[in-house]
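Hi everyone, thanks for making time today. I'd like to walk you through one structure, so please have a look at it before we get into the details.

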Amino acid sequence: MQQHYQASQHYALCHHCDIMCELPSIGQEHQAVCPRCHTKLARSQTNMQLNTILYSSCALVMLFISTCFIFIHIKVIGIVDNLSLLSIPNILYEYQYSSLMLLFLLFILIFPICALVIQLILCSPIELSKYHKRNLLIAYGKLSHWCMPEIFMAGVLVSFVKLTSYGEIGVDKAFWSFALFVFFYLKSSIDFSPRKFWNDVASNNFIQSELQPGKTGISQNIRLCLHCHAMLPAGLIHCPRCKCKGKLRQKNSIQWTIALLLTSLMFYIPANIYGIMNTVFLGSASSSTILDGVIYMWQEGDYPVALVIFSASVTIPILKILALSWLCYFVLVVKKKNKDDCLQMNRLYNIVEFIGRWSMIDIFVVSVISALIRNKEMMSVYPDIGAIFFASVVVITMIASQKYDPRLIWDKN
């Protein structure tokens, strides 16, 4: 009777607040959310595999096309310079900025391609063993957080405004195909549901006792696998479904987050002091910081672009550091927690997770401008040391938010 009860019910342990939820039957275009913290737990999967195959295939085709033609071009004093997508990392390498080249290749090309290929393999009729499915799903979970083609596209649009001060800017076939790639990539990522394939590997429930909806997992001596979201006995170290190690709580979560935040602060100061872009005009060099770029755009009357750059490159990084610091303070110091306070902290964490990587816009702007303005006789633009410090701040704060365990917000509530 107990086994029948467990098999006939569907449960989920919220990965944000640790509450046990009984999942209802989810209709088309609907989703199940946690009643405690409003985190999405599951959604309908109608035609998920067919849609994912369609959009992933279109995305890969559009990306291939965008690498075969000219991306953008600029005309300066009668001289036309063309830029293709693949020439950006080559030029960054020539400028001896291998770190920026690596970030471009990984975040814009390699990781998105790998994620799309994994989606296609999992959704296709190819027969895969549980072992291969498990490895693909683990790889997808790690890669998807670092895919940034839409942020690069936003950076390209911002760079257009800056490039107009150098000459006449124009777009070519590759630009439009890359825009379609971004659209299809986002659509496939939204439609794709790893939960369905994890359930093909094994059930998400490895608990022998009766589950109690409305109570926390920690109170029932149950833990959640953070890789595949399976429900496990608290003492079980290795997850039977994904084979990954885990504990009831990530005990060093707060310490790791604080250490990474302090590191990001150390990089944030030189990121704003040193120049992010170096312009050489007729042999005369001048370096500009992030704030210099914001001031220039504001003085030129490009107020929306100035606000975008200021928000993404100045406001968001420092606010993310402050927000994560406040979240750590809430867990370590605040003893009396009510539901409203926890809910506000959970929303703050969701905002930090969403907006943090958008600070990479300025790095992509510098990459595009540096790759395009390279007329050595007249004018050239190079990345400056501040770009590396700033990219380090963005990457470190992203890792810090991943290390933070949001379930600690709700413990003892």
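Let me begin with a naming point: when I say helix or strand, I mean a DSSP run, at least four residues for a helix and at least two for a strand, numbered from the N terminus. And please keep in mind that this is a predicted model.

With those names we can place lysine 243: it sits in the loop that connects strand E9 (231-233) to helix H9 (253-273). Its phi is positive, near 65°, and this is a residue other than glycine. Why mention that? Because most residues other than glycine have a negative phi. As for its surroundings, lysine 243 is partly exposed, because its relative accessibility is 49% and the exposed class starts only over 50%.

There is another residue with this feature. Aspartate 18, also not a glycine, has a positive phi of about 70°. You'll find aspartate 18 in the loop between strand E1 (11-13) and strand E2 (20-22). Is aspartate 18 buried or exposed? It is buried, with a relative accessible area of 0%.

That takes us to salt bridges. The model has seven of them. One is made by aspartate 18 with arginine 249, where the closest N and O atoms are 2.9 Å apart. Aspartate 18 belongs to the E1–E2 loop and arginine 249 to the loop between E9 and H9, so this pair ties together parts that are 231 residues apart in sequence. Arginine 249 is buried as well, because its relative accessibility of 8% is under 20%. The pair also has company: Asp18, Arg249 and Asp411 are linked in a network of salt bridges.

Next, lysine 133 and aspartate 200. Their closest N and O atoms are 3.9 Å apart, and they form a salt bridge. Here, too, distant parts of the chain are linked: lysine 133 is in helix H5 (residues 130-143) and aspartate 200 in helix H8 (residues 194-201), 67 residues apart. Lysine 133 counts as buried at 18% relative accessibility, whereas aspartate 200, at 33%, is partly exposed.

One more salt bridge before we move on: the side chains of arginine 407 and aspartate 405 meet at 3.0 Å, N to O. Both arginine 407 and aspartate 405 are buried.

Now for a sheet. In what order do the three strands of this open sheet run? The order is E6-E5-E7, with antiparallel pairing. Strand E6 (79-84) and strand E7 (168-171) are at the edges with a single partner strand each, so one side of each has no neighbour in the sheet. On average, neighbouring strands here are turned by 20° against each other, direction ignored.

Looking closer, strand E5 (residues 70-76) pairs with E6 over six bridges, in the antiparallel sense. If you want a spot to click on, lysine 75 stands opposite valine 80 in E6. And across E5, E6 and E7 lies helix H13 (residues 361-372), which runs at about 135° to E6.

Last stop: leucine 211, in the loop between H8 and strand E8 (222-224). Leucine 211 is buried, at 1% relative accessibility. Between leucine 211 and leucine 103 there are 45 Å in space, C-alpha to C-alpha, and the two are 108 residues apart in sequence.

That's my tour. Thanks for listening!

Notes: Residues are numbered from 1 along each chain as its sequence is written. This is a predicted model: local features need pLDDT of at least 70, side-chain atom pairs count only at pLDDT 80 or more; totals for chains, interfaces and linings use all residues. Side-chain values use heavy atoms; hydrogens and water are left out. Buried means under 20% relative accessible area, exposed over 50%, partly exposed in between (1.4 Å probe, protein chains only). A salt bridge is a side-chain nitrogen of Lys or Arg within 4 Å of a carboxyl oxygen of Asp or Glu. Two strands pair if DSSP finds at least two bridges between them. Axes are lines fitted to C-alpha atoms, for helices over the stretch in contact, and angles run from 0 to 180 degrees between N-to-C directions. Contact means heavy atoms within 4.5 Å.
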